[in-house]
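Please open the model in your viewer and keep the sequence panel visible beside it. The tour below proceeds by selection: each stop names what to pick and then states what is found there.

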Amino acid sequence: MTLAVELRSFDGRLNRAEFDSGVPALDEWLRLHAGQHEKRGTSRTYVLTPARVDLDAWSAAGFAVTEDSILGFFSLSAAQIPLPSLPAGSRLPRSVAAARLGRLAISKSMQGRGLGRRLLMEAIVITAEASALLGIGGLFVDAKDDVAAGFYQKFGFQPGQDDPHKLWMNLASIHAFMK
């Protein structure tokens, strides 16, 4: 049975206190900083919640969730990425404008259900849409460890020259990925 989810723009009204990804730094960022970044316009956070019209199905499946439960989240911001942080052979200026995937986390109770993939796909779509309005060379992520780096590499992100945890998906790859 597939349970419906919704991607929503973060507005500060959802239940952040109960979110637990198993990574305290990510949980703390959502609780303490996401709202401040929204107000200042320094990043945009998107949250995945149970679909409001499907709450009975979630309950029947044994999940204690409400329409305010956060299943996962990611944040995007604008960035200027220096050439050494991009993959070898990148033919770009000394630095390139990009979207930065700053955070991506899934609640421990929802991990292993494909929600991380879903959130990453949403971030890629938003980046593609933004590229139609702004000069963006691609999507950049600074993975925290080898496991996270491996996750992004499965989707075509390439490691940077100066750090294998700095990963890049250029705009051509984003558009190809969406086809």
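Helices and strands are runs assigned by DSSP and numbered from the N terminus; a helix has at least four residues and a strand at least two. The model on display is a predicted one.

**First stop: a pair within one helix**

Select Arg118 and Glu122, which both belong to helix H4 and stand four residues apart, about one turn of the helix. Their side chains form a salt bridge, with a distance of 3.2 Å from N to O. Arg118 has a relative accessible area of 32%, so it is partly exposed. In general, side chains of opposite charge can pair when their charged atoms come close.

**Second stop: further salt bridges**

How many salt bridges does the count come to? The count is six, and two others deserve a selection here.

Select Asp20 and Lys108, whose side chains meet in a salt bridge at 3.3 Å, N to O. Asp20 is in the loop between strand E1 (5-9) and helix H1 (24-32), while Lys108 is in the loop between E4 and H4, so this pair ties together parts that are 88 residues apart in sequence. Asp20 is partly exposed at 32% relative accessibility, and Lys108 is partly exposed at 48%.

Next, select Arg44 and Glu38. The closest N and O atoms of this salt bridge are 3.2 Å apart. Is each partner buried or partly exposed? Arg44 is partly exposed, with a relative accessible area of 38%. Glu38 has 18% relative accessibility and therefore counts as buried, because the limit for that class is under 20%.

**Third stop: the nonpolar cores**

Select Phe74, Leu101, Leu120, Tyr152 and Phe157. These are the residues with the most contacts inside the largest nonpolar core, which has 34 residues. At least two residues of this core come from each of strand E2 (44-50), helix H3 (55-60), strand E3 (72-82), strand E4 (95-106), helix H4 (115-131), strand E5 (138-142), helix H5 (146-153) and strand E7 (166-170). Which element supplies the largest share? Helix H4 does, with eight residues. In soluble globular proteins, nonpolar side chains tend to be buried together.

Now select Tyr152 alone and display its surroundings. Setting aside residues up to four places away in sequence, Tyr152 touches Leu101, Leu104, Leu120, Val141, Ala143, Phe157 and Leu167. Another core, of 11 residues, lies apart from the largest one; Phe19, Ala34, Ile70 and Ala105 are among its members.

**Fourth stop: a histidine in a loop**

Select His165, which is located in the loop between strand E6 (158-159) and E7. With neighbours within four places in sequence left aside, His165 is in contact with Val141, Asp142, Ala143, Lys144, Asp145, Asp146 and Ala149. The side chains of His165 and Asp146 make a polar contact at 2.6 Å. For a distance across the model, mark the C-alpha atoms of His165 and Ala99: they are separated by 16 Å, and the two residues are 66 residues apart along the chain.

**Last stop: the largest pocket**

Finally, select Leu26, Leu104, Ala105, Ile106 and Ala148, which lie nearest the centre of the largest pocket among its 26 lining residues. This pocket holds about 580 Å³ of space. E4, H4, E5 and H5 each contribute at least two residues to its lining, and E4 gives the largest share, six residues.

Notes. Residues numbered from 1 in each chain as written. Predicted model: local features only at pLDDT ≥ 70, side-chain atom pairs only at ≥ 80, totals over all residues. Heavy atoms only, no water. Core = buried A, V, L, I, M, F, W, Y, C linked by side-chain atoms within 4.5 Å. Buried < 20%, exposed > 50% of the residue type's maximum accessible area, 1.4 Å probe, protein only. Contact = heavy atoms within 4.5 Å. Salt bridge = Lys/Arg side-chain N within 4 Å of Asp/Glu carboxyl O. Polar contact = N/O pair within 3.5 Å; in protein donor to acceptor, adjacent residues only side chain to side chain. 1 Å grid on protein atoms, 1.4 Å probe; cavity = no way out; pocket = protein on both sides within 12 Å on 5 of 7 lines; lining within 4 Å. Points joined across faces, edges and corners; volume = space filled by probe spheres on them.
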